[in-house]
Amino acid sequence: MTEQIFGTPYLTDFAPRLEGSPAMREIKRTVESIADTDATILLRGESGVGKDLVARAIHAASQRHQGPFIKVNCAAIPHGLLESELFGHEKGAFTGAHRRRFGQFEYANNGTIYLDEIAELPLTLQPKLLHVLQDFTFARVGGHAMVSVDARVIAATNRDLESALARGDFREDLYYRLNAVEILIPPLRQRKEEIPLLAARFLELFNRQYGRDRKLSQETSQRLLEHHWPGNVRELENVMRRMVVLSTEQVFDSRVADRSNHAPPAARTPISTDGLREVARNGAREAERKALAEVLERSNWNRAEAARVLKVSYKTLLNKIAECGLKPPPRQP
Ligand SMILES: Nc1ncnc2c1ncn2[C@@H]1O[C@H](COP(=O)(O)OP(=O)(O)OP(=O)(O)O)[C@@H](O)[C@H]1O
Ligand SMILES: [Mg+2]
């Protein structure tokens, strides 16, 4: 049996578990103890650590588990459309609003609404969200009638909300309302004991999925442990998928990954051994990586902005960054 979790078809007995390290066991305990409280939760942690998974785990452990789980990525929706996306609109609310439309809050009734990338919520919308978190009533855009919903709110961010606060990009009252219960998911490099477990799980999963029988050498297992994993579990997942699909462990070598930031793999591949299709594919991949690196650099690694410029979803952008092994420049002190 397969189940669709975040774009990856998982075999159900591979349902990700949260118990591979003391840190995650602690998070699991917190999830179990707060699942039924309806408290608003703020999930924090770097990109790819598993915030979406934890959000789903909270929903699954709550009495709302048979209700909807609605995810809204605040960074992926243009600012001008976000209010209507969240709260809906009435007919005639703006040009093109031909009929009433429900917002995601209404769809999340009796369930959970997961507000991902909450730091990207525009200042103009923050008071409305604060209001909704207080009494769970709101008016659709262009309307006066108050709508009531019964939804649990989970928010997530991989950004430094405190500096957004200091810059005045995030309201203090909303910040305190959101982080009543805060769960910080540590980066993978701080819970290395999970690496062999996750690697084995992904290996088995992708072996089944692609009909392969790949095994990991000791040397590669060791290298997996030593890698810094800036893209966290998502990066590990991508590395394992590549190893299985390409049937070679050569694809994982941190030193090569680091070097490949400067020297594209396509340039190192002798063309004569490749078919024309492979040459074209490598060329396209390289063009993609170059565009990605350039736009990220120009936007100072503002991923939301880069996703907009490149016209891809935020999630796709993050996957591409991990796939290409791109890393943000070290922060200036
Ligand atoms: N404990 C785990 N077991 C199995 N897979 C995991 C685990 N944690 C994360 N993953 C996988 O890693 C990928 C990234 O996880 P997820 O989308 O939850 O990260 P995130 O913290 O929400 O990242 P972002 O900030 O980029 O949205 C997903 O494909 C997810 O299934
Ligand atoms: Mg996420």
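Helices H1 and H2 are oblique to each other, because their angle falls outside the bands for roughly parallel (under 35 degrees), roughly antiparallel (over 145) and roughly perpendicular (65 to 115). H1 covers residues 22-34 and H2 residues 51-61, and they pack at about 40 degrees with their axes 9 Å apart. Here an axis is a line fitted to C-alpha atoms, for helices over the stretch in contact, and angles run from 0 to 180 degrees between N-to-C directions. Helices (H or I, at least four residues) and strands (E, at least two) are DSSP runs, numbered from the N terminus.

This is a predicted model: local features need pLDDT of at least 70, side-chain atom pairs count only at pLDDT 80 or more, and totals for chains, interfaces and linings use all residues. Residues are numbered from 1 along each chain as its sequence is written, while chains are lettered from A and ligands numbered from 1 in the order in which they are written.

Back to the first pair: Ile-27, Val-31 and Glu-32 of H1 meet Val-54, Ala-57, Ile-58 and Ala-61 of H2, contact being C-beta atoms, placed from the backbone, within 7 Å. H8 and H10 form another packed pair, and H8 is oblique to H10 as well. From H8, the contact includes Ile-195, Phe-202 and Tyr-210, and from H10 it includes Val-233, Met-240 and Val-245. By class, this contact has twelve nonpolar, one polar and two charged residues; Ala, Val, Leu, Ile, Met, Phe, Trp, Tyr, Cys and Pro count as nonpolar, Asp, Glu, Lys and Arg as charged, and the others, Gly among them, as polar.

Here are the two pairs side by side.

| Helices | Angle | Axes apart |
|---|---|---|
| H1 (residues 22-34) and H2 (residues 51-61) | about 40 degrees | 9 Å |
| H8 (residues 194-210) and H10 (residues 232-246) | about 45 degrees | 9 Å |

Now for a strand. E8 (residues 152-157) is mostly covered, with six of its six residues buried, meaning that 20 or more other C-beta atoms, placed from the backbone, lie within 10 Å of a residue's own. Arg-152, Ile-154 and Ala-156 point one way from E8, and Val-153, Ala-155 and Thr-157 the other way. In a regular strand, side chains alternate between the two faces of the sheet.

E8 pairs in the parallel sense with E3 (residues 41-44) over four bridges, where pairing requires at least two DSSP bridges. Arg-44 has Thr-157 of E8 as its bridge partner. Strand E5 (residues 112-116) also runs parallel to E8, joined by four bridges, and Ile-113 is partnered there with Val-153 of E8.

Conventions. Contact = placed C-beta atoms within 7 Å. Buried ≥ 20, exposed ≤ 12 C-beta atoms within 10 Å, placed from the backbone.
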